[in-house]
Every structure is written in structure tokens, then in C-alpha cells.
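Colleague: I am new to this structure and would like a close look at one part of it. Please take the charged side chains that pair with each other, and then set them against the nonpolar interior.

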Amino acid sequence: MADDHTHVQEFFTARAADWDTRFPDDGPAYDDAVGSLSLSPGDAVLDAGCGTGRALPALRAAVGPQGTVLGVDLTAAMLEEAVRAGRDREGTLLLADVARLPLRSRRLDAVFAAGLISHLSHPGPDLAELARVVRPGGRLALFHPIGRAALAARHGRRITDDDLRAEHNLRPLLAGSGWRLDAYTDEDDRFLALAVRTS
């Protein structure tokens, strides 16, 4: 587990300083994905693996000043960039592991997770931990601003049948972790899986 975390931290620490400038046009896609959570004023939402906090302004706008916005990331350098960008004004930033969240059970209305699933050491238990902190009926958005095929091409790979984000893999993975997959979109310009916390 520690080795997995070290790899993730090293990967993102090396890229933190220019992360936002590498993907400058993703903002509208983040806004649309946050909108898909159907958040209400006063809701409590977690950005799991928040990185530089790109979703935090949209999450804050959705829940309003009375709502709760938390951003959790494993990599200190990414959170430092979030602060540098002023996004800590939109929510509370926590240096923590999504596999062991410092949150009480059933306290949140929703979880937003951009690009997270491919970096989870233990996807089933880690998704179950996200479910633990969400009330029954709460929502999860697994998002990426480009689809699986486009992302694989960017990295010089082809998508394979064992890709966790493939619907035939993701649906049972979520079901075994306390979630029900309700909607699935995998297009060139967006990946979005929406799930509901089962009781």
C-alpha cells in the first residue's frame, strides 16, 4: 500500500506546478459534470482526489454559502497549487487518503471524483470507503474530461477489456461497493459515470 501511495504522490508531485496549464480548457467540462450531481443549496460534497481543486468553484456554486465543500488529496503539492490558485476559499482542503477518510459515516450528500479511479490501489474497498461517508441515496460522479479511448490515445495505448472504467467492469465493481450505477457516458470529450448510494 505504501509503495502504491508513494508512486501516486511522486507522479502528481512532479506535475503539480503546471497541472492547470497543461489542461487549460477543461473548466466547462468540470462545470457540466458537477451539474450532473444535482446538488442543492446546503448540501455537503466531497471532491475525492481533488488535485489542484479545479472542481471546487463549481461545487461551491452548487451548494451555496451554507453548504459544505471538502477537497481531499494524497499529494501535498497538488493541494499547495490549489491554495496558490485561491481555490481553498471555495472549500476545506484535507491532505488524506480516500481509502481512509477522516470523516464520519453517512455525512455527505455526494462525492465528485475526477480521474480518481485509475489511481486507486484497491478500487473495491476504496469505492466502499467513499460509500461509507455518503448517506443512502447520495450520489457519486466518476469523471474525466475526455473519454477512455481519447485518454488511452493520449498515453499511446489502446483501451482493453480489463479497463476498470469500462461499463461491464465498473457496474459490478460499484454494486459490490455500495453503489448503483445509474448513468454511463464514454465519449471522446467526456467520461462520466453517475452512481447512487444504496442503503
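**Salt bridges and the core**

Modeller: Arg148, Asp163, Arg165 and Asp186 are linked in a network of salt bridges. The model is a predicted one. Within this network, aspartate 163 and arginine 148 meet through their side chains, with N to O at 3.1 Å. Arginine 148 belongs to helix 7 (148-154), while aspartate 163 sits in the loop between helix 7 and helix 8; the two are 15 residues apart, and the pair links distant parts of the chain. Are these two partners buried or exposed? Aspartate 163 has 12% relative accessibility, so it counts as buried. Arginine 148 is also buried, with a relative accessible area of 12%.

The network is part of a longer list, for the count comes to 10 salt bridges. One of them joins arginine 135 to aspartate 109, with the closest N and O atoms 2.7 Å apart. This pair, too, links distant parts of the chain: arginine 135 lies in strand 5 and aspartate 109 in strand 4, 26 residues apart. Here the two ends fall in separate classes. Aspartate 109 has a relative accessible area of 14% and is therefore buried. Arginine 135 is at 29% relative accessibility, so it counts as partly exposed.

Another salt bridge is formed by aspartate 182 and arginine 180, whose closest N and O atoms are 2.9 Å apart. Aspartate 182 is partly exposed, at a relative accessible area of 46%. Arginine 180 is partly exposed as well, at 42%. In general, side chains of opposite charge can pair when their charged atoms come close.

Now the nonpolar interior. The largest nonpolar core has 30 residues, and those with the most contacts inside it are Leu46, Leu127, Leu130, Leu140, Leu174 and Trp179. Among the elements that give two or more residues to this core are strand 4 (108-114), strand 5 (134-144), helix 8 (167-175) and strand 6 (179-187). Strands 4 and 5 are also the elements that hold aspartate 109 and arginine 135.

What does tryptophan 179 touch, leaving aside its neighbours within four places in sequence? Its contacts include Leu127, Leu130 and Leu140, as well as Leu174. They also include polar or charged partners such as Arg139, Arg197 and Thr198. Apart from this core lies another, of 20 residues, among them Tyr30, Ala55, Leu56 and Leu59. As a general tendency, nonpolar side chains in soluble globular proteins are buried together.

Technical notes: Residues are numbered from 1 along each chain as its sequence is written. This is a predicted model: local features need pLDDT of at least 70, side-chain atom pairs count only at pLDDT 80 or more; totals for chains, interfaces and linings use all residues. Side-chain values use heavy atoms; hydrogens and water are left out. A nonpolar core is a set of buried Ala, Val, Leu, Ile, Met, Phe, Trp, Tyr and Cys residues joined through side-chain atoms within 4.5 Å. Buried means under 20% relative accessible area, exposed over 50%, partly exposed in between (1.4 Å probe, protein chains only). Helices (H or I, at least four residues) and strands (E, at least two) are DSSP runs, numbered from the N terminus. Contact means heavy atoms within 4.5 Å. A salt bridge is a side-chain nitrogen of Lys or Arg within 4 Å of a carboxyl oxygen of Asp or Glu.
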